[in-house]
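Colleague: I have this structure open and would like to go through its side chains. Can you take my questions one at a time?

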Amino acid sequence: MGTEDVGNIESIQNTGATVRADRAGALARLADERVDARFKGLPPDADGLTVGELAAQRRNLFTGGFTTPVLALSAERLTHNLELMETYAARHGLVFAPHGKTSMAPQLFRRQLEHGAWGITLAVPHQVRVARAFGVQRVFLANELVDPAALRWIAAELAADPDFHFVCYVDSVRGVELMDAALTGAGDRPLDVVVELGAGEGARTGVRTEAECAAVADAVAAAATLRLVGVVGYEGEVPGADPERVRAWLRRLVALAADFDKAGRFAGASVEQIIVSAGGSAWFDAVADVFVEIPELSLPVCKLLRSGAYVSHDDGRYREVTPFNRVPEEGSLEPAFRLWTQVVSRPTPEQAFTNAGKRDAAYDLDLPVPQVVRREGAGERPATGISVTGLSDQHAWLRTTPEADLEVGDWLGLGLSHPCTSFDKWQLIPLAEADGTVVDYIRTFF
């Protein structure tokens, strides 16, 4: 290696270190953002303060000037969920790359990484750009990527930062050809890819047969810009998913990895480990069980779990389908979101309306669930006899029975279903302790 080559390597390493330091500082700079009318629910008299200044005031969610509707994230329950999944992954020998599309909140990415996450899973190039802007060093893109502009940008990121690790899916020969064309001449580091095995006919993306998987792998081997590092899939798409069907499909995925390894598909390209990845938020217990069965391969195996909804959990769909219902001895997640809305109309004894609707609450899986009522000068009490029957853009429609004690002006705390479509409606979310003290604000980037 000549002097010029050594100088170039040192220059790249120094540049990478500078970029990493700057991006790590981006998290701290979130506290410098000014509070203004962009951010729903925050106290009007906080306009002009920085987020950090407002957080330092430790205002109370109920008495500190917050306006309804306002979404709050429980500080205690968030910590519980982070610790639980860290423990679960370690107990089962899983590498954890939680899906960041759930929150798109770099502050939560950092906390997930601090709680043992190997990296962050994402779904589209924009999300990768957000993660990189805030210093995430390992990204697992749980999707195919054939956009030339995005591929060239990723190649530039890989070239600028030798410590940046990026992996994405492939599921067609045509996709491999498009990737190779876009990446040719764009950088010296090959882009790591995993072949996606589809979950069955009628499922989402992914190669449908093992023979087609081999053809895609052959195409990757022929592309100098790509490197095959494993196999992947999403068991949540298994048709008629139940424990037996999900485990059967997971065993297909494990067998595919073993067959690829036996055929030497991971050899000769400086591959350090073989990635075998699955695991949404509904079947990670099955993933843990079946991944124990992975045989010894020619390289160490990275058993990568990607569950994301755990970070806030919910009071609807994910409360029903979480694997912890099947394995309660492993612990339980806690719903961390509550949407506070105010009763603005009580036209009949059987009906009421609050001022939060589709623009504020997740509704794609289930309607919000009334949980508690707060009245000025009184304590918090259960929302007895109250149900949500529908949502308009800015109103929740409530049905009330005779035992419901509900007046105009009351605050109603709603539980939500589906974390992904709860986070995406709020740019700045108060992180509140159990007594209502707001200790921080979570910034999202959708």
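Modeller: We can start with the aromatic rings, then go on to cysteines and the pocket.

Modeller: This is a predicted model, where local features need pLDDT of at least 70 and side-chain atom pairs count only at pLDDT 80 or more, while totals for chains, interfaces and linings use all residues. Residues are numbered from 1 along each chain as its sequence is written, and side-chain values use heavy atoms, with hydrogens and water left out.

Colleague: How many aromatic pairs are there?

Modeller: The count comes to 13 aromatic pairs. Rings of Phe, Tyr and Trp (its six-membered ring) pair if their centres lie within 6.5 Å; planes under 30 degrees apart count as stacked, over 60 as edge-to-face and the rest as tilted. One of the pairs is F62 with W340, edge-to-face, at 5.0 Å centre to centre and 80° between the planes.

Colleague: Where do F62 and W340 lie?

Modeller: F62 is in the loop between helix 2 (51-56) and strand 1 (70-74), and W340 is in strand 10 (residues 337-348), so the pair ties together parts 278 residues apart in sequence. Helices (H or I, at least four residues) and strands (E, at least two) are DSSP runs, numbered from the N terminus.

Colleague: Is W340 buried or exposed?

Modeller: W340 is buried, at a relative accessible area of 3%, while F62 is partly exposed at 21%. Buried means under 20% relative accessible area, exposed over 50%, partly exposed in between (1.4 Å probe, protein chains only).

Colleague: What lies over the face of F62?

Modeller: R374 does, at 3.7 Å from the ring centre. A charge sits over a ring if NZ of Lys or CZ of Arg is within 6 Å of the ring centre and within 35 degrees of the ring normal. K40 lies over the face of W426 in this way, at 4.0 Å.

Colleague: New topic. How many disulfides does the structure hold?

Modeller: Zero, where a disulfide is a pair of cysteine sulfur atoms within 2.5 Å. For C213, the nearest cysteine sulfur is that of C168, 15 Å away. C213 is buried, with a relative accessible area of 0%.

Colleague: And which residues are closest to the centre of the largest pocket?

Modeller: They are R204, Y234, G236, G280 and Y318, out of 37 that line the largest pocket.

Notes: 1 Å grid on protein atoms, 1.4 Å probe; cavity = no way out; pocket = protein on both sides within 12 Å on 5 of 7 lines; lining within 4 Å.
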